[in-house]
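Hi everyone, thanks for coming along. I'd like to walk you through a structure that is probably new to most of you, so please have it open as I talk.

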Amino acid sequence: MKTCKEKAAEWGIAERTVTYFCNNNRIPGAVKEGKSWKIPDETEKPADKRVKSGNNREPGAVTEKKTLPIGISDYIRAQSEYYYVDKTLLIREFLDKKPLVSLFTRPRRFGKTLNMDMLRVFFEISQEDTSLYFRDKAIWSCGEEYRKHQGQYPVIFLTFKDVKFDSWEATLDKIRGLLQAEFGRHRELLESDRLADYEKEFFSRILNGKSNEVELTSSLENLSGMLCRHYGRAPIIIIDEYDTPIQEGYTKDFYDEITGFMRNFFSGAFKDNRNLSYGFLTGILRIAQESIFSGLNNLTVNSVMDEEYDRFFGFTCEEVHRMMEYYGVSDMEPELKEWYDGYLFGSTEIYNPWSVINYISKGCIPQAYWVNTGKNEVLEDVLKSATDDITEKLYALLQGERVVARIDQNVVYRSLSEEPANIYSLLLVAGYLMASRKELQADGAYLCEVTIPNREIASVYKGEILTHLLQIGAITRTTANKIAESLYANDQKKLQKAIAEYMDKSISFYDAGAEGFYHGLTLGLVALMDNHYKIRSNREAGDGRYDICLIPRENRYPGIVMELKWKKGLSETALDTLSDDALAQIDEKRYGVEMGYDGVDKVLKLGIAFSGKKVIIKAES
């Protein structure tokens, strides 16, 4: 038998990868001895399921699979050089409905930018024959009534996805640069005999980066008019991730400046603009309360709650199945589904496309790929604003339960402080929740049954909760590591000591004895131990209701039952007696009976008594 390190050297791969293979039963005959794996000497290296790029192919070799488009938002490049999931029927659905201005709200990394660039390439007038990029796509077989629109419109295209700065001045400079680049794409207007000199002068100021804030707010309106007069056809305006700078303004304290700018910017482009064929916007939120779209009665909003366009952002089940078959990893589909499925857009089940692509590309190793692409200010604000009721529901969500919440799609970040219950609306539209059931209310809001969509998002919640606790000093990273290490080593004494340390530090932070203390305690335990335990609180078992019960997911871990008692102003002696009473109650009320039903042999009982900032824990196994 060989160690993971020895086999890693033999196979020419990382030791961590060999350990991962062992943990996921991909090495036949591997056995765990203590903390380490032992692998039979003759075992061959598992098949490498990673997607190859096709570089360095031998002459005459079988053609390699196309690589997956990680971070590619350029349509021409994506569909020609990479595995492309055909979303061109979005064009047909749009042309059938012909809304003047469309807003698509979806979570980040769900293909909004790539789809908008696809629309640009399809509709935009170009010196090259861009129909080449659609002739083998689904839209081309839909008929001449759709093909006749290809390459027929001037297009204005802006993406704000990278407008993420700490100040209004830097944000405005970035927007000025984006407009400068977009005006540069239309340099032909400087030579146009259909434009007045003053229009060309305005164009030159934008192009040279000399424009002031007022001129920037009217730039889309003016450019659309110039393009219409030059080409004899009103342009299409596409604004991708319009609300990214608005979110930054909220978190970086220039909210009023950015919303005021955007109100005028979009009004000129989309409100009563005769020089507009169609408009497209994408973002995460529909921001209405700030009246950014004030008076824009021609705006059609398509959100995660709507059935229209529901299959065009993210991957459908069929698309994922074909992709898994193409790369020869169909056997990993159940794991992929558990980690990255679970979204419901309209009535269509949707996978997170960013995570699916990364999962397959990186050898089918499940990780929280999506959450590592950006900051999670949404959850940070949730934890800062959460009431006891919200904290309790968040705990229930972490346990895989469903909670009922009112969803208002017009909610904005600023409303969190005014009405904390708006948290659920933000979490839903941002991709952190899924509405399994919904019922439209008279005021346009929805009453929904919401749940965490998949394991990836569950890990985000747990990670953010742990981070929040660490930041506010409730526990330290050392304490968290002690709990993880004691579970890994199956060391009950070390586990007891680590939990005692966690309890002590939690009481130092939370208002001991208040309802919030129990919520914070259980949420923290979920964040620390949920990979190893199913955590329950305040449920009936035996002859009563226990406080906290941790049921192991694997029999090699002990079950844990906690009974908590609290009284004001106790002496050390009285507190010690109270912890004895708590421990005795576990046996008297037979709280551990639920463990036996689940086949748990070893149970660690913890009687926890606290008074003010003092805590005593008695243990029995």
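I'll start with the chain as a whole, then go through its cores, one helix, a loop and some aromatic rings.

Before anything else, please keep in mind that this is a predicted model. The chain folds into 25 helices and 19 strands. Of its 621 residues, 54% are buried. The accessible surface comes to about 27,500 Å², and carbon and sulfur atoms account for 45% of that. How much of the contact between residues at least 6 apart in sequence joins residues at least 24 apart? The figure for this chain is 70%.

Now let's go inside. The largest nonpolar core has 60 residues, and those with the most contacts inside it are Met 323, Val 356, Tyr 359, Ile 360, Leu 433 and Tyr 461. Helix α19, residues 423–429, gives this core its largest share, which is 6 residues. Take Met 323 as a way in: leaving aside residues up to four places away in sequence, Met 323 touches Leu 68, Tyr 83, Val 85, Phe 315, Val 356 and Ile 360. There is also a second, separate core of 41 residues, and among its members are Leu 179, Met 262, Leu 296 and Leu 299.

Staying with α19 for a moment, look at the loop between that helix and strand β13, which covers 434–440; Tyr 432 is found there. Is Tyr 432 buried or exposed? Tyr 432 has a relative accessible area of 2%, and the limit for buried is under 20%, so this loop residue is buried. Asn 454 is 22 residues away from Tyr 432 in sequence, and the two are 9.3 Å apart in space, C-alpha to C-alpha.

Next, please find helix α14, residues 333–340. Its buried residues are Glu 333, Glu 335, Leu 336, Trp 339 and Tyr 340. Why do we say they line one face of the helix? Looking down the axis of α14, the buried residues fall within an arc of 155°, so one face is what they line. Just after α14 comes Gly 342, with a positive phi of about 105°.

On to the aromatic rings, my favourite part of the tour. The structure holds 33 aromatic pairs. One of them joins Tyr 75 and Phe 134, and this pair is stacked, at 5.0 Å centre to centre with 15° between the planes. Tyr 75 lies in helix α3 and Phe 134 in the loop between α5 and α6, so the pair ties together parts that are 59 residues apart in sequence. Tyr 75 is buried with a relative accessible area of 0%, and Phe 134 is buried at 0% too. A tilted pair is formed by Phe 110 and Phe 345, 5.5 Å centre to centre and 45° between the planes. Phe 110 sits in the loop between β4 and α5, and Phe 345 in strand β10, so this pair links parts 235 residues apart in sequence. Both Phe 110 and Phe 345 are buried. Tyr 75 and Phe 134 also belong to one aromatic cluster, whose members include Tyr 84, Phe 94 and Tyr 153.

Last, a word on cysteines. How many disulfides does a search of the whole structure find? The result is 0. Cys 4 is buried, with a relative accessible area of 7%, whereas Cys 142 is partly exposed at 21%.

That's my tour, and I'm happy to take questions.

Methods:
Residues numbered from 1 in each chain as written. Predicted model: local features only at pLDDT ≥ 70, side-chain atom pairs only at ≥ 80, totals over all residues. Heavy atoms only, no water. Core = buried A, V, L, I, M, F, W, Y, C linked by side-chain atoms within 4.5 Å. Buried < 20%, exposed > 50% of the residue type's maximum accessible area, 1.4 Å probe, protein only. Helix = DSSP H or I, 4+ residues; strand = E, 2+ residues; numbered from the N terminus. Contact = heavy atoms within 4.5 Å. Arc of directions from axis to C-beta. Areas by Shrake-Rupley, 256 points an atom, 1.4 Å probe, with all protein chains shown as cover. Disulfide = S-S within 2.5 Å. Phe/Tyr/Trp six-rings, centres within 6.5 Å; stacked < 30°, edge-to-face > 60°.
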